[in-house]
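Opening the notebook on this one. I want to see how the pieces pack before anything else.

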Amino acid sequence: MSSTHLSLHCHVIFGAKHQRPLIAQEWRSRFHAYIGGAIRTLDVVPEAVGGVADHVHLLIGIRATHRLADVMRDVKRTSSAWVHDTIGDKEFQWQDGYGAFSVSASLIEKVKNYIANQEEH
């Protein structure tokens with residue numbers, strides 16, 4: 001085979017420091033859109049971004065050349081800076097770490113729906 005082909009999708013969850021409900025409903029959709037753009041900037045595919053007041057869910061498609069730890073470090077850093085600069089909450093921080101789970105291609109739509117309906121969970 002002369003090229004690399006892979007289907008690598010990860011469901012990633014990470015939360016606000018001390019699980020505090022800091023992500024306000026009034027700016028949450030803009031925040032999720034910003035996170036999606038930050039993911040795209042890293043040449044990662046943001047298949048779904050969602051969450052509630054205290055945590056975020058991502059479904060991302062990563063390339064063979066990516067390291068998930070580097071992607072998450074950059075996403076958390078830039079999204080935290082967005083909250084500081086745009087919302088003015090200089091105290092906002094993410095918890096250390098994240099949960100990441102591989103998703104088979106057959107379950108992508110189910111995970112997208114789960115992320116889209118976070119308010120109901």
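**Helix pair**

I looked at the two helices, and α1 and α2 come out oblique to each other, because angles under 35 degrees count as roughly parallel, over 145 as roughly antiparallel, 65 to 115 as roughly perpendicular and the rest as oblique. They pack at an angle of about 140°, with their axes 10 Å apart; axes here are lines fitted to C-alpha atoms, for helices over the stretch in contact, and angles run from 0 to 180 degrees between N-to-C directions.

Notes to self on provenance: this is a predicted model, where local features need pLDDT of at least 70 and side-chain atom pairs count only at pLDDT 80 or more, while totals for chains, interfaces and linings use all residues. Residues are numbered from 1 along each chain as its sequence is written, and side-chain values use heavy atoms, with hydrogens and water left out.

Helices (H or I, at least four residues) and strands (E, at least two) are DSSP runs, numbered from the N terminus. Next I listed who meets whom, taking contact as heavy atoms within 4.5 Å. On the α1 side I found Trp27, Arg30, Phe31, Tyr34, Ile35, Ala38 and Ile39, and they meet Val75, Thr78, Ser79, Trp82, Val83, Thr86 and Ile87 in α2.

**Strand β3**

Then I turned to β3, residues 55-61, and found six of its seven residues buried (under 20% relative accessible area, 1.4 Å probe, protein chains only). Which strands pair with β3? β1 (residues 9-15) does so in the antiparallel sense over seven bridges, and β2 (residues 45-52) is also antiparallel to β3 over seven bridges. Pairing needs at least two DSSP bridges between the strands. A hairpin of two residues joins β2 to β3.

I checked Leu58 from both sides: Val12 stands opposite Leu58, and so does Val49. Gly50 has His57 as its bridge partner in β3.

**Cores**

A nonpolar core is a set of buried Ala, Val, Leu, Ile, Met, Phe, Trp, Tyr and Cys residues joined through side-chain atoms within 4.5 Å. The largest one has 23 residues, and Val12, Phe14, Phe31, Leu58, Ile60 and Phe92 touch the most other members. β1, α1 (25-41), β3 and α2 (68-87) each supply at least two residues of this core, and α2 gives the most, with six. Apart from this core lies another, of six residues, including Leu59, Val103, Ile108 and Ile115.

Last lookup was Val12: leaving aside neighbours within four places in sequence, its contacts include Val56, Leu68, Met72, Tyr98 and Ala100.

Terms used
Buried means under 20% relative accessible area, exposed over 50%, partly exposed in between (1.4 Å probe, protein chains only).
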